Amino acid sequence: MTGKEARERKLKEIREIAAGWGKIIAQEAFPNGPGLDVSLADMEDLAMAASRALVQGAVEAMTGSQAEQFGDEAPCPTCGKICPLKTASRAMVVRGGDAVLSEPVGHCPKCRRDFFPAAAGVEG
Ligand SMILES: [Zn+2]
């Protein structure tokens, strides 16, 4: 199996899981089924709110996991001094929703600058 086939298979699995969550959300919103007064637009509003929350949860979990991989310290890109890293939160609009991203940020006391190891080469 190629990497592309593996990714497509994983995406198919994830779509099936998410479709199942959609059914759970419908049942949660209308335990006895939606009444005839519930419009398609109402259903779409509910599904979109759930979708945005799903995007937020997934993106925040993945970026948080990446931020942890940077560890506790990193070299200053200017002078090379090993500096402690903190985690900064940044509110972002992402495709399909909003998310608060966690990203490691270092501060070099010698150069008096902040740097972002996740965006190597980009000035902070
Ligand atoms: Zn420095």
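Arg112 sits in the loop that joins β3 (97-108) to β4 (113-115). The model described here is predicted. In this model the backbone of Arg112 adopts a positive phi of about 50°, although the residue is not a glycine. Most residues other than glycine have a negative phi. Arg112 counts as exposed because its relative accessibility is 74%, and the cut-off for that class is over 50%.

Five salt bridges are present in the structure. One of them joins the side chains of Glu103 and Arg90, with an N to O distance of 2.8 Å. This pair links distant parts of the chain, since Glu103 belongs to strand β3 and Arg90 to strand β2 (residues 82-94), 13 residues apart. The two partners can be described by their accessibility. Glu103 has 15% relative accessibility and therefore counts as buried, the limit for that class being under 20%. Arg90, at 38% relative accessibility, counts as partly exposed.

Helix α1 contains further examples. The side chains of Lys12 and Glu16 form a salt bridge at 3.0 Å, N to O. Both residues lie in helix α1 and are four residues apart, about one turn of the helix. Lys12 has a relative accessibility of 52%, so this residue counts as exposed. A salt bridge also connects the side chains of Lys4 and Glu8, here with an N to O distance of 3.9 Å. Lys4 and Glu8 are likewise both in helix α1, with a spacing of four residues, or about one turn of the helix. Lys4 counts as exposed because its relative accessibility is 54%, whereas Glu8, at 45%, counts as partly exposed.

Helix α1 also takes part in a nonpolar patch on the surface. The patch is formed by Ile17, Trp21, Ile24, Ile25, Leu46 and Leu54, which together have about 520 Å² of accessible area. Helices α1 (3-29) and α2 each supply at least two residues of this patch. The largest contribution is that of α1, which gives four residues. Leu46 is located in helix α2. Its relative accessibility is 33%, so Leu46 counts as partly exposed; this value also satisfies the patch criterion of over 30% relative accessible area.

A negative patch is found on the surface as well, made up of Asp37, Asp42, Glu44 and Asp45. Of these residues, Glu44 lies in helix α2, which spans residues 40-68. Glu44 counts as partly exposed because its relative accessibility is 48%. Helix α2 thus holds Glu44 of the negative patch and Leu46 of the nonpolar patch.

A buried position is also found along this helix. Thr63 lies in helix α2 and has a relative accessible area of 18%, so the residue is classed as buried. When neighbours within four places in sequence are left aside, the contacts of Thr63 are with Leu101 and Ser102. Within helix α2, the buried Thr63 may be set beside Glu44, which is partly exposed at 48%, and Leu46, which is partly exposed at 33%.

Methods:
Residues numbered from 1 in each chain as written. Predicted model: local features only at pLDDT ≥ 70, side-chain atom pairs only at ≥ 80, totals over all residues. Heavy atoms only, no water. Patch = residues over 30% accessible without salt bridge, like charges linked within 9 Å, V, L, I, M, F, W, Y side chains within 5 Å. Areas by Shrake-Rupley, 256 points an atom, 1.4 Å probe, with all protein chains shown as cover. Salt bridge = Lys/Arg side-chain N within 4 Å of Asp/Glu carboxyl O. Lys, Arg positive; Asp, Glu negative; His and termini not counted. Charge placed at Lys NZ, Arg CZ, Asp CG, Glu CD. Buried < 20%, exposed > 50% of the residue type's maximum accessible area, 1.4 Å probe, protein only. Contact = heavy atoms within 4.5 Å.
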